[in-house]
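Me: Please take a close look at one part of this structure, the surroundings of the ligand. Then place that part in the rest of the protein.

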Amino acid sequence: MTGSVDPAPVPAPAATHTPTPQREFTTDDYFQTQRPPANLKEKTEVMRAWVDKWAGVEGKNVVLVTSGGTTVPLEANTVRFLDNFSAGTRGATSAEYFLERGYAVLFLHRTHSLRPFSRHYSHSLNPFLDLLTITGDSIGVADPQAAKLLPILRAYNKAQAEGTILSVEFQTINDYLWLLRAATGIMAPLERRGMFYLAAAVSDFFLPEDRVAEHKIQSTKGSLSLEMDQVPKVLRPLVQEWTPEGYIVSFKLETDEDLLVPKARAALSRYGHQLVIGNELHKRKHEVVFVERKLREKSVGDDRIRGAETPPLADSDAEGAPAFRRDIKKKKEVFSETWLHLNQLAPNRPEAEIEEFIIDELLKRHQEWIDRGAK
Ligand code: 9Z3
């Protein structure tokens, strides 16, 4: 998490890191002590109705895409908050490709972060008003902009007309965690048709509500020190309890490239999900690595790998995914890495986006996951 606190009038807090958090929150502790956002019930009902609709359509796959950064408010009447860099490009772009390939998309995104389709006309990069021309009393879009806009508008109108995308907003890390838990539980009945694409930049630290100042912190009181607690690792219950059959893809962001693969592997070992996509901050638009796990039977004593090449899970699901996941500890882990380099995948297409290739790779793996479940 990159912290950016409004620098004036409060002096910037020293970037100290307290190795032992005051209190360690398990996921259960977290949800028992931190209040849900005010509109959680309404949002849950809207999500449930939408997911139920698509669950009833045979063969329709549904993906939960999380997108954008999460804030940590310093005051209950929030003037300042910690934030991170994420604009929501990965999530918004990926959502478009999922829709194009026939998925229904539950788009859980940070308020004001980029949205599918409208992202092409962000106010800073490509202001919409600059595209418009006036002829008499009519407004138009001239070429070459019109030619670019047409397929985007068509795809947008199609998704709107068919209801294949539902957008739900969060702002704080607390909103995000509550919504993620609700959305995951709602999607669980989809079993293997549900995919989870967790691209939101999740804050690692938060301020429990009993330590959040009620009113604006006053600079007259001197320097500001913050002691934050670790956000509970919700990926564990998400994988093991909330949606044991879902196809789960998490993202690992690092600024030290050497940490990417080891941290991605550690996450797979710890949580037992299917795939971690690693990305380095500055190269994230051109280069990602898919890290997956294969399992070898320790007792077999040969090199036979149990399970398909990708995704690296059981060849037989007689024991079921949750049991399989619980079984991981008994087996020796072997990992595979697949790098995607945009310049190699689309050498002659300067406007190509890496998400197109990420989604194509994912769709193959998700289909294999579904097929193995049906055996
Ligand atoms: C990512 O790594 C996303 O790809 C980015 C996308 C945030 C880099 P942008 O929105 O950036 O396109 O500007 N997300 C990180 C997800 C995350 O926070 N993962 C946690 C971690 O790395 C745990 S699941 O520890």
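The reply below starts at the ligand and works outward.

Reply: This is a predicted model, in which local features need pLDDT of at least 70, side-chain atom pairs count only at pLDDT 80 or more, and totals for chains, interfaces and linings use all residues. Residues are numbered from 1 along each chain as its sequence is written.

Start at the ligand. The shell around the ligand has 16 residues. A residue belongs there if its C-beta atom, placed from the backbone, lies within 6 Å of the molecule. Ser 86, Thr 89, Arg 90, Phe 251 and Leu 253 come nearest. Two elements give two or more residues to this shell: helix H3 (89–100) and strand S11 (247–254). Helices (H or I, at least four residues) and strands (E, at least two) are DSSP runs, numbered from the N terminus. S11 has the largest share, with four residues. By type, the shell holds eight nonpolar, five polar and three charged residues. Here Ala, Val, Leu, Ile, Met, Phe, Trp, Tyr, Cys and Pro are nonpolar, Asp, Glu, Lys and Arg are charged, and the others, Gly among them, are polar.

Now the domains. The protein is divided into domain 1 (1–116 + 153–241) and domain 2 (246–375). Those bounds come from an automatic or database domain assignment. Both domains give residues to the shell, so the ligand lies between them.

The domains also touch each other. Domain 1 puts 23 residues into the contact, and domain 2 puts in 22. Two residues are in contact if their C-beta atoms, placed from the backbone, lie within 7 Å. On the side of domain 1 that touches domain 2, H3, strand S8 (194–198) and helix H6 (235–242) each supply at least two residues. H3 therefore has two roles here: it gives residues to the ligand shell and to the domain contact. That side of domain 1 divides into 12 nonpolar, five polar and six charged residues.

Move on to Glu 257. Glu 257 is found in helix H7 (residues 257–271). Glu 257 counts as partly exposed because it has 15 C-beta neighbours inside 10 Å. The scale is simple: a residue with 20 or more other C-beta atoms (placed from the backbone) within 10 Å of its own is buried, one with 12 or fewer is exposed, and anything in between is partly exposed. Leu 238 is 19 residues from Glu 257 in sequence, but their C-alpha atoms are 27 Å apart in space.

Two helices show how burial can be arranged. Helix H10 (residues 354–374) has 21 residues. H10 reaches 31 Å from its first C-alpha to its last, close to the 30 Å expected at 1.5 Å a residue. That expected span is 1.5 Å times one less than the number of residues. The buried residues of H10 are Ile 354, Glu 355, Ile 358, Ile 359, Leu 362, Arg 365, His 366 and Trp 369. They cover an arc of only 135° around the axis, so they sit on the same side of H10. The arc is that of the directions from the helix axis to the C-beta atoms. The face turned away from that buried side carries the exposed residues Lys 364, Asp 371 and Ala 374.

Helix H5 (residues 173–187) has 15 residues and reaches 21 Å, close to the 21 Å expected. Of these 15 residues, 14 are buried, so H5 is largely enclosed by the rest of the structure.

Next, some loops. Asp 210 is found in the loop between strand S9 (205–206) and strand S10 (229–230). Asp 210 counts as exposed, because it has 7 C-beta neighbours inside 10 Å. Asp 210 and Thr 33 are 177 residues apart along the chain, yet their C-alpha atoms are separated by 9.2 Å.

Check the backbone too. Most residues other than glycine have a negative phi, and most peptide bonds are trans. The peptide bond from Asp 143 to Pro 144 is cis, with omega near 5°. Pro 144 is found in the loop between strand S6 (138–141) and helix H4 (145–162). His 112 is not a glycine but has a positive phi of about 70°. His 112 lies in the loop between strand S4 (104–110) and strand S5 (132–135). With 11 C-beta neighbours inside 10 Å, His 112 counts as exposed.

Last, the whole protein. The protein has 10 helices and 15 strands. Buried residues make up 34% of its 375 residues.
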